[in-house]
Structures are given as structure tokens and as C-alpha cells.
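Trainee: Please take one enclosed space inside this protein and look at it closely for me, then set it beside another part of the fold and tell me how far the prediction itself can be trusted. I would rather have one connected account than a list.

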Amino acid sequence: MMAARGARAPTSEQSWLEAAQAFIQETLCPAGKESSVQLTQLVIDCVKTAWLSQARNQGFILPLSYSFVSVQDLRTYQRLPCCSHLSWSSSAYQAWAQEAGPGGAPLPRERLLLLGTLTDLSGDLEQECKNGSLYVRDNTGILGCELIDLDLSWLGHLFLFPSWSYLPPARWNSSGEGHLELWGAPMPVFPLTVSPGPTTPIPVVYPEMASRLLRHRSKFRFVHPNLAGKLVRLSALVNSHRKTYFVLSLGSSSPAVSHVSIVVQVPAQLVWHHALWPGRSYVLTELRVSGICGHRYRVWTTSPSSQLLPLKPECVRELELELEGPVLEADPKLLPVPISSQDWTGKKGLIRNSRLLSYTGMVTSVLNEPAGLYELDGQLGLCLAYQQFHSFRRVVRPGACLELQDVHLLQSVGGGTKRPVLAPCLGGAVQVRGFSRQKPKTQSSHQAHGASLYEQLVWEHQLGLPLYLWASKALEELACKLCPHVLRHHQFLQHSRPGNPGLGLQLLAPTLDILALPDSPIRNAQKEILEEPHHCPLQKYIRLQTPCSFPTLATLKEEGQSRAWASFDPKALLPLPEASHLPSCQLNHRLAWSWLRLLPSAFHPAQVLVGVLVASSQKGCLQLRDQSGSLPCLPLTKHSEPITDPRLTGCLVRTERFQLIVERDVRSNFPSWRELSMAGFIQKQQARVYVQFFLDGALILSVPRPFLRSATRSGHSQAEPTHPDGLHMGQSRLFLLYHKEALIKRNFCAPPGASLEAPQPTLSFHVSGSWLGGTQRKEGTGWGPLEPQGDEKKNQKVLLIFLGSSVRWFEFLHPGQVYRLVAPGPLTPALFKEGGSSCISQRPLELAGYASCLTVQDEWTLELERCQDIPDVLGIEKALPESSMTDFLSGNFTDSLVSFSAEILSRTLCEPLPAPLWTKPGSPGAARKCVKLTVALETADCGSLPHLCVYIEDPHLPPPLGLLPGARVYFKQLEKRVSSPSLPHIYLAELLQGRQAPFQATASCHIVSVFSLQLLWVCAHCTSLCLQGRCTHQGPTCPTQTSVSQANIRLLVEDGTAEAVVTCRDHHVAAALGLCPTEWTSLLECVRVPGRVALHFTGPGAQLESSAKIDEPLTLFLWTLCTSLSVLRPILLSFELERKPSKILPLEPPRLQRFQCGDFPLLTRVNPRLQLSCLSIQEQEHPSSLGAFAPSH
């Protein structure tokens, strides 16, 4: 500090004495008086005495290395914590510093001499200014201080403080005050006058008699007795109703004797709180009886003339009083305990009682200073929130020793707190018994702010300790999530006021409203201290099950990914009957994409999603953001509609109802289904994580723009230009949105002056709409009148291009809405008019019907306007256009774009659709990725829900968020290439009617005969035939010798209207043969040795191919099975045409065929047989309902 002032310590005794004399004149002499030689000499003698008390003073009679320091110098120049010990040698200080405790740095030593007057007056000499605090004062200023063992005779006297430490205010608190910690007894500069004891013993009453006097008050109305006894209880200093007081209780050494309470509320006597030690005996003089507001009995209080004296038996005598006659007032201990209105109904078995005890321990950690939470002795929690502990915040730090009197011990409180907690109420006292030797650690912002908010939780919301501990931890989690880069700490943790609730409390309110006990009473400090038996908020508690937590978005994302991969089971994703027939390439393709949905209840405790909603200017999607990062999100309104109001950006979102979605992408090389449990075949895995939630179920908090910091950096936030007069400048124009294109990468011509390098595709989209009126200027907080248009009938259709940072508006723009396009800054003529700022030539615009085209600038913003305020758009239909069923089923491809609403049934990765005919084999479009969605149409044109397949290819990949099975989605202007809308129940003859027949359908029919059956095993890698389990491929050996089974069968079916040849493959063959999974597996294992068995039926017998012989048991079994009634039975067949309707050639006409029916030949016309592929086979519920007699659905 002295270096900072530019002064050096004197090196000679003469110069040191001259500096001492100047210091004494400036800081210690009374104002207006000359320097007193006597005062100077007394100060120097006092310093010498302290200096020479150390054994090693190196022969110097003066501490020449020490400099005098004033209060003002400490407050102005000492920026770092320090200590000074005049009577200590360097080795003594080193030994002292080594005992500072683990994990902390000792206070650095400064060689400074501090003198001042010890007082309890904070300002002028007015008694009413006294609040029980201690100060050190000199001519330059005053500093608050703490003294462990105060002698009341020291007040008002000038002292030298040989050992002290100074803690300056925290850097974040520019208006704060530093404070002193005075170690040991100070040395008086002037000798203290010792008052002689009383000449005659003081008449006193003891607690038992004092208690009886309260009940006979009317008889001894004018008695002001002196009360003597042992201090058995000391309350905290309480400030209530603009009055500060504390209560002490005197008793005797015998616990059987009752104690009596004395209220001390005279301002000049509040400093007694520093001098009182539980266990010592005292005399309080000239007490009087007073009534307490709200109490039915009276208590002892001190009078302005009362004194606090140490009890010396030889100096007192007991006053004998005769208490005869009726008792006028009840014994306060016999009064009924007031019943708390807290609702403990139904929780009797869960209620726990705390224990009252005394404890002395050392603070080992500061858990949350504003919340009053500390750690004692490394194993106990300490909560000071239920006292008014403002003065303790600056003293209680690691290394401080505390004595706790009448403190509550609560064990197993829950809510995330695992250690027992000590918590003093207003009836207990916390006293410092040893200062910390450690230098205070630098506080983070969240540790420095929020004290008033935590007080509000206790004193206004009346939270019990378990819930308070959880709320404190939750606020700390939220502060770490959102501050300081998203929000500022002091604004997030601000005290809530009527009409202006704090953000932190608003985030906790939904949970606190559920868990807080209803009708909690307002704490009455006097009742809490004085009533017997004792009753306070800490007396009873219920173990709290942690209600929820507020994880960071990065933690939530990591947890989602971890659970998604832990639950990834290829066998569960692929049903065994189907997987067992898939070759390696198809098997791995089916595993390439899967998803997992996690609800908040899947976590313990349940997770609450909190973040600032921002629009990404890099990806065009909405994100939730906190300190840890960002998480893509899909918020929807109440009716599952997208959000349209851009004002939601920058808002704080809190929701307990959300879905955490993890989409898994896997690259694998499993040889066959048998190896699905071997993780070594997974080559690469990655996940896309996002959240879905409804805005109506979320708490949306509007955060004032000055609060936001980096949360909206990706949203391209910037200060709005202002006029020199302070008014905001800008211009805007309204437009009605008709159509929005997809957000994909597109090629745009480079603007003039751009780099000559080849431009890269840019993420962009464009919308079409119509201007509604002319430009409007900013006027104050609103918009001025519309500028007149030259020709109102002129085409107002406009094309708006969004690229660069402006893609952040993509999620808010939707057809049928009216938006205001705002350009901040000074007025620019024709900014929104024809031509505008785009690089698209005018001729293509004219052909498309657009009058102008604008490229939306990065700094422009969008605002949603209410359509009811704009007459021109009141009659516009806002319903989303949808195509009819006729559009889907029609073969007319002149208008191949369709729009519809549908529910997604399944989503898979698949081989891309065949490239268009004009695509060259070597072009980039020849091989593309593809996502296939199977959807069920939501249409009123058809009784059943028709099914469609939607294919999403590059550049629309990855697909938008939320395209998951079960989601209802609106698809707009998709190209119709394949039409297979439904699976209706039909007669087979309807398939002979030409193009109007469905491509897929179901029919009730009968299996007439089996044409052929083939069972074989092929290599999982190259699909070559495997004989006896070995690949027969000629060439390089396959990397795996794994084989998979394949099967196919051709059946003849009829339903009374027509015949059809049906081809079934793989697991559908088992259904056709009527075999259960176990029988089918056994059959395939029998085929593994020969490798292939094929049967071809031409009539009543079977003709074999070279792979089998008729006398072999396997062939004989299959022949018998295929000709039995187990196969030739009625079935419900789902099928599709082997060739699509658009490629079926004209059917040949029916032909005449002769049949023999007994002795009578019949000649009839027979239609040609249909060629069908099996989709599924189910057993008929009513076998008698067959063919043409089966009911149509």
C-alpha cells in the first residue's frame, strides 16, 4: 500500500519520529487543537511497549520498518487483504501462516501501525445511530470492525491495535466498505480508569424470583430490580419493525431452576451483544417490566440507565421479597403453544423434529455466501439464512472459528443435501471465537449477488430448510447456466418487487408453488425467541425428494447421447424373422438410422429445460442457448402449429414438459443377423440431439434487451440507430406472405466487387408475397402514415431472398401471415421498391409475375403484425392448401406437385430413387442419399387412411427436425412420382379393370396349389450359393464365411372372381407354409447341408431339380407339406402388383377353356392369371367367408 502512495518507510529514528508526529497531528489530535506533546509521547511509548514485547527486536527500540496508517489510507490505497502484527517476529508470522488451514493462502503481512478510537457510533455522536456494530475511528474516517472479546470499558478510548487484519471491499462492490478484524486485546494510549467496585453490595434478584415477580407485577409496579444470573441463552441481533434488539436469558447452574428472558432494545446497549459470553455470570441493573405487542404476558426489559456488570459474589446480595396474594398473570410457560397453519395433514409419518444443541467448529468452505451456506469441520452444513446475518458475511470464511448456541440440527434433509445441517433460528446466537488466517478468495459474480433474493425466499416465501437448500442450489445451477454471458448476475438474482418479479424467482416459482406449504405464517421474531416451548420454522421438517434439476444444455445433450447409445440394440431394431433373410448390405442399411425419445421423467431427478431461445444465423434453425452451448429445438404452439412471432427470440424459456430426441446414425458391416450382438462391426456412430416442446406448456419470460449479452450473437443483434435527439430511426414496409421455399444451399451470382473466386453454394431461402401499402417511417415508438403509391393498381408481388445472417428468420415465416420488414437507420429513398438489392435480372421476375425482388440485409428485422388490424387481408383464406385424393390417384402428371397433411408411420434410410432419364451416370445426381417416410394421409375423401411413401433427397438432407414416427406433418408441393395411396380390400377381378386398379391391396382368397418352392443359403457378403456352409464364389475369398438363408414360393390363389400367381419371399414363405418360427428355423437348418432345395410342381406329382432326390426325407417332407391342407387353405393376402400400373401392358382377352365336371364337360371363358407379390399373409378369422362371398371393406 505504501508503495502505491509513493512513500517509503523512514530509515532513521529521527525521520520516523517526525513522521509519527505529523501523523498524530493529522489523524489523532482533536480538530482545531494543536499537537499535544503528551499525546505524541504517549502514542510513541505505546508503540515501543508493543514492539519491545517481542524477544527479537534486533536491538531497535522503535519499529523503523513500520509506517503509520490512517483509516482513510486503508480505504483508499489498500486494495488487497492484509494483516499486521507489531509484536511478532518473522518466524512467528511464518508459524502463524502455516496454520492458516489447507486449501487457502494466508493473509499477507504488511508493516503498518493502526491507531484509532473504538466506538459503537457509526456517525455523529447520537445515541439513536447505535445499532450494535463496532467501529474504529480517527480524524480521517471510520471503519467497521469485529472484536472477539469486548470489554465495554474500552468504548470511546484511543487504542493502538498491535494485531489486526484488513479486508477491502470486493472489486465488484464499488460502494462497499472494507472492515477490520482486531486480533487480541488493543493497547490503550491513555491509561484506562478502573472504576471502583460498589461500596455496598448490590441488591439483586435471581432468575427464579424474577420469574415470579412477573406474575405479581401489580404489587411491585414501581420495583426496578437488578437481575443476576448465569447467561444460558443469547439470541441473535434482530431488526424488526424498524427496531433493533436482542434477548438474553439468565439462569442458574442448576438446570432445574427456570431461566428468565430480558429484552435489550436500548440503542446504546446493543453493543452488549459483543461482550456477552454464554456460561459467564452477569448482573443487569435497573430492569423494568414491559408488555410485548402480540403477547399475553410481560417480560423484563432494560432501561436507559441499565448497566451490564460481571457477577462477583462478594459484590452482590440477594433481595428478599414477600410474594403473597393471588397470582395476577399466568405463567408464560403454561400458555398454549400457537398451532401453526402449515399443512402437515397426511404427513405425520414423514415429519421429523430437529435437535437443539450448541456447537463450536471451524468454517472449512463457503458453499454459497449470499444464501448463508457454509461448511463446518468438513462434515457439517451451516445455514445462517434464518437469522439476519449481514454482519457475518464479511467475517465467516474458511478458517474462522464459530460458536453456535441453541442451533437446530437437521439430519437427512434431502433435496440433494447429503450432510447434516446446523441452522440457528432467531433464538440462537452465532459468535465468532477466532478469525480466519486465510486471505478471502476472489468471489465469482454469482457468489457476490443475490443476498436480498435469498432473504426473500426465507422471510417472504417462508420456505422450510430442505426446500430452501434445494432452491439455493437450483438458483446456483441456473446462474451458472445463464450468467454472465447470457444474462448478468445482478439482474438474474435481483430482489422481486410487486409488478417486477426477478428472473431467478420466476424460474423457481412453478416448483415452489407446488412444494411450499400453503398458508405459511409470517415469522414473528419476538414469539420465536420468547415463547416456551420453542417454536420456529426449523423445529419440524420433512425430508425433501429432489423435485427437479436444471442441467446445462451440454449436460442434457451428453446424457441423451449416452442413453441413446447404451440402449442401441440392433437385434431389437430388426425383427428376427425378417433379419434372418437379409444379406449383409440390406441388414446394415436397415440399421443406419434409429431414434430414441427421452421424457423428463426418464431422468432422476426430473429435468427442467431452461435456455434462451435464439435463431441461428448459420443454420437457420431455432436453438436454446446457455453458458455451455446451444441445443436445436422445435417449439410448437398449442395446436401443433409452427411459431410465427419473431419477438420470441431472446426470451427465456422454462418447460417441464419436453421431449429429448436423439437420432442415431450408424455405419456398420455386420455379416449377418447372427453377429448383431457384436459391437466390433460398428464402424462409425454419430447422433443428432434436439428438443421438442409446446410453448403453451412453457414459461416464456421476456428479457429486456440490455440484460442480454452473447445469447443473441448468432441472431445478429445490434444497437438500433438513434437520431441526435435520441429518437430511434428506421423505415419499414408490410407484406403478406404467400409461399416459402425450402432452406437449402443454392447458387447465387456474386455481387459487384466480390472476390473472383468461384462462389460456393450459400444456405438460403426465398419467399413470395405482396406489399401492403408503401413505406412507413419510425415516429417515436410507432410507425408513421403510409407513403402514397403512384399507381395503387400496379402489381405489388415481391420476391424476398434471405441469405447470410438473414436465414435466421426462416422458422418464423409462414404463408398467410402479415409481416413488417424493418430497416434500421436513416431514411433511404426507394429502399423497398422495384429492383431493390438483388442480383436476379428483371426478365425472369416478370415471367414469374413478380414486380420486384429484394435481398434482405443482415441488419434488417422482421415483426409479426395482427391481420385484424389490416383491412386488406381480413378476407384472405389462411387454411393450408391440400390436394384431393383424385390428385393422388390420377395418372395426370401435368400438375405433379401435391400438398397434404399426414402422420408419419415409419422412417428409414433407403436406396435413392432412380435418377431421372436425363441424368448422366457419372453426374453427381446419379447417386444420392435418401430418407424414406411412410405416412398415412389425413383426408376426408377416403374412409380408411391411405398410405404414401415420401422420399427426401439431397439437398434437403438432413431432414428437418421432428420428422419422426407418430408426428403429424404438413407437406407442401411435393413432386408426385409414385402413387400407392392405400391397401383397400378388393376382389381380384377388380385388378383386371386397367389403370384404375390399386397398386397395393388385400384380398380374401384360397391357396389352390403350389407351383414352386426354393430354399437356399447364400453368402452374406457376395450372395453366392453356400454348400455345406461354404461360399462357392469363384475368385478372391470373401472376408466372411457367414451365410444367410433365402426362400421363395409361387402359389396359385383364387377368390371366385379371378386367379393369381403370388410370389412370396423369405419370412413370408414360412407364413405361406403355415410353419411357426421354431419349425421354420429347424427346416432351414436341414437345408444348410445341401445348400439348396428346389421343387417344381406340374400337377399331382413333383419333378425335382438336380439339388435333391425324391427319396430324400427332406424333399419328401416338403412335397407332402405343399400338397396338404395345411398349405392349401383360405388366407387374407396383402399384395402388390409385380409391375406398377403405369407399366402393365394391355391385358389379353379372356380365353375359352374346357373343364370336366363329373360326366359333363364345361366350356367357359377364363381371364388370364394375375402376377402378384406378397406383402403379408394372415389367417382367415372366418374360413367360410371366401372369395366372392367375402364381405368387402
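**The largest cavity and an open sheet**

Mentor: The lining of the largest cavity divides evenly by residue class, with 3 nonpolar, 3 polar and 3 charged residues, and since everything here comes from a predicted model, that description applies to the model. The residues that line this cavity are Arg 233, Leu 356, Asp 406, Cys 425, Gly 427, Gly 428, Glu 528, Ile 529 and His 534. Strand E25 (421-434) and helix H13 (525-530) each supply at least two of the lining residues, and the largest share, 3 residues, comes from E25. The enclosed space amounts to about 60 Å³, and this cavity belongs to a set of 3 that reach 30 Å³ or more.

For the other part of the fold, consider an open sheet of 8 strands with mixed pairing, whose order is E27-E32-E33-E30-E29-E28-E31-E34. Strand E27 (593-598) and strand E34 (698-701) stand at the edges with a single partner strand each, so one side of each has no neighbour in the sheet. Averaged over neighbouring strands and ignoring direction, the turn of one strand against the next is 35 degrees. At the E27 edge, the pairing with strand E32 (residues 658-668) is antiparallel and runs over 6 bridges, and within it Trp 595 stands opposite Glu 663 of E32.

Two helices pack on this sheet, and each can be described by the strands that it touches. Helix H10 (residues 465-482) is in contact with strand E28 (609-615), strand E29 (622-626) and strand E31 (652-655), its direction making about 20 degrees with that of E28. Helix H14 (residues 553-566) touches E27, E28, E29, strand E30 (629-636), E32 and strand E33 (682-694), and its direction makes about 50 degrees with that of E32.

As for confidence, the pLDDT averages 82 over the chain, and 80% of the residues score at least 70. Residues 1-9 have a pLDDT below 50, although in the model this stretch has 15 contacts beyond near neighbours in sequence. The pLDDT is also below 50 over residues 328-342, a stretch with 28 such contacts in the model.

How values were computed. Residues numbered from 1 in each chain as written. Predicted model: local features only at pLDDT ≥ 70, side-chain atom pairs only at ≥ 80, totals over all residues. Heavy atoms only, no water. Pairing = 2+ DSSP bridges. Helix = DSSP H or I, 4+ residues; strand = E, 2+ residues; numbered from the N terminus. Axes fitted to C-alpha atoms, helices over the stretch in contact; angles between N-to-C directions. Contact = heavy atoms within 4.5 Å. pLDDT = per-residue confidence, 0-100. 1 Å grid on protein atoms, 1.4 Å probe; cavity = no way out; pocket = protein on both sides within 12 Å on 5 of 7 lines; lining within 4 Å. Points joined across faces, edges and corners; volume = space filled by probe spheres on them. Nonpolar A, V, L, I, M, F, W, Y, C, P; charged D, E, K, R; others polar.
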